[in-house]
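Work through the exercises below with the coordinates loaded. Each task is followed by a stepwise solution.

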Amino acid sequence: MVRSAQLLHSPHEPAPLRAAATVLLLRDTPQGVEVLMTRRSSSASFAPGAYVFPGGRIDEGDAAAHAMATRRPTQSLAQLTQAVAAIRESFEELGVLLARHADGRPASAEDIAGMDRSTAASTVAFAEQCAARGLRLATDQVFTLAHWITDRDLPRRFDVPFLVARMPEGQVPAADEAEQFEPCWVRPADALARHAAGSFFMIFPTLRTLERLAVYAAVDAVLDACANRPGGEGPLWTSCPRAGLLNGKEARYMESDSPFGELALVCPDGQMVHALDWQSAHPVPLLANVQRLTAPNPGVMTGPGTNSYIVGDAATGYLVIDPGPDDAEHIGRLWRATGGDVRMIVCTHSHADHSPGAAPLQALCSTQPPILGLPAAATARPSAKFSPERVLADGERLVLAPATAAGDDSAPRTHTLRAIHTPGHAANHLCLLLEEDGLLFSGDHVLNGSTTVVDPPDGNMNAYLDSLDKLDAACAEGGVDFILPAHGYVLGNARGAIAHLKAHRLRREARIADAMRRLPQGTPEDWLPLAYDDVPPRMWPVAARSLAAHVERIRQSAAQ
């Protein structure tokens, strides 16, 4: 866990959460699934003028209305309460009632016409009106699609299940003209296009929900996905987004988006201050003791560029991880960012975008800091030759400590980096674990936004997968939450990211093995289009390297 003293921003208590529920009413059309949406009042305190799904706060009486509800065996009591609230809100706001008579007949327009929507704000009054007409709430036909928790930076926050149900036949939505206006049926893809054109404003959770809803061809497919989710009923996804700045504007991200982990590290309480723009002119502070300076070498293999990391502070001096290519301007920026007080230079491996900057940076420093790492193996390409001045042993600790006398509480704390040998991407690859703050500097072994290439003979897939297991164990032991890769943003949920990466590699290997079985006399060139048909052909030359590593591993396993 990151030490609080290293956080860049003062703690901020997010606004309290309010329980609410919303429901996506769906119908099938020849053009595909449509969802019922409505425009919020322009004077609303939350999301004014936005197009939304009907819904609102969960009232205390919603649980008391269970007697009027129909519960399916797999539906929890909490889900039942949420469904009651969603049904009540859809009736209040749009006059749509999900209910049925004892004989199974759905509530009709005639049933609804005689009901007083103005008193439905009281759950008891709503339930009494339903009971007077012999109606029970069709809560067993309401399913949980998603679970959204409002972003930490917003002044009003809600904890909201997004539910789904089929629109009852014979009913016509009519807005209350107080909270909601202009009910409309719209295909998810059309709503997204209209929003992009500026004519259909929606907030982030609505947008992302529609993006995921757009893949379903029929209402039954949506309901089936919710009812038969692996692991039992529950949301298909849960998200409490985070916000940062991109091009000077607010940008929001889910847990699956690449900037999310970085925002969690830099702004854990949701402070919307962190700029996510990639640039090479200035170091980006991630913590008080960690800065990232991205080399000006963007490309297919390097993404936005190679990340050099500066660890330490003015009292302890600095350690530079991966000084990058031999680029004079980049190296000069590293030197200036450290005030020339570089105590150690560590290269995670010998590739040309990581290690060549080490010697030029050393030459700029009056103290001549040692260059540490692992020597390139004989299998390394000519462009990846590297010999450190001192070889780092597996498990060796590098310590940056202040010169202040021990016992002085005002002194900055020590920074300890432990070397972890992780061959696979390259034979001489290593990672570094900042023990006091639970951070893993992963070099190219774990990346954000791309898959590590394993290129034989210097790369080895067996070694790569074993090293992933080794990193997972180190993260578990060291309480590591964040991974700082050599390319891309910081990754959160470190162990989850490693598990996802390993699962991806094994799934790809299964596809390659299947291609080899289908074309037993084929060549890697024949297997590549079959195993990587989900990857753009322009990336196949790169994918061919990892395919070769997988083929080598498959054949080794078959020979055993």
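**Exercise 1. Classify aspartate 469 by accessibility, then place its salt bridge.**

Step 1. Aspartate 469 has a relative accessible area of 36%, which makes it partly exposed. The classes are buried (under 20% relative accessible area), exposed (over 50%) and partly exposed in between, with a 1.4 Å probe and protein chains only.

Step 2. The model is predicted: local features need pLDDT of at least 70, side-chain atom pairs count only at pLDDT 80 or more, and totals for chains, interfaces and linings use all residues. Residues are numbered from 1 along each chain as its sequence is written, and side-chain values use heavy atoms, with hydrogens and water left out.

Step 3. Find the partner. Aspartate 469 meets lysine 502 in a salt bridge, 2.9 Å from N to O. The criterion is a side-chain nitrogen of Lys or Arg within 4 Å of a carboxyl oxygen of Asp or Glu.

Step 4. Locate both ends. Lysine 502 sits in helix H12 (residues 494-518) and aspartate 469 in helix H11 (residues 461-478), so the bridge ties together parts 33 residues apart in sequence. Helices (H or I, at least four residues) and strands (E, at least two) are DSSP runs, numbered from the N terminus.

Step 5. Check lysine 502. At 26%, lysine 502 is partly exposed.

**Exercise 2. Analyse the salt bridge between arginine 333 and glutamate 329.**

Step 1. The closest N and O atoms are 3.5 Å apart.

Step 2. Both residues belong to helix H9 (residues 328-337), four residues apart, about one turn of the helix.

Step 3. Arginine 333 is buried at 18%. Glutamate 329 is exposed at 52%.

**Exercise 3. Analyse the salt bridge between aspartate 140 and arginine 100.**

Step 1. The closest N and O atoms lie 2.6 Å apart.

Step 2. The pair links distant parts of the chain, 40 residues apart: aspartate 140 is in the loop between strand S6 (135-137) and strand S7 (143-149), arginine 100 in strand S5 (residues 99-101).

Step 3. Aspartate 140 is buried at 13%. Arginine 100, at 22%, is partly exposed.

**Exercise 4. Put these pairs in context.**

Step 1. Take the total. The structure holds 34 salt bridges.

Step 2. Look for a network. Salt bridges link Asp59, Asp62, Arg88, Glu89 and Glu92 in one.

Step 3. Recall the principle. Side chains of opposite charge can pair when their charged atoms come close.
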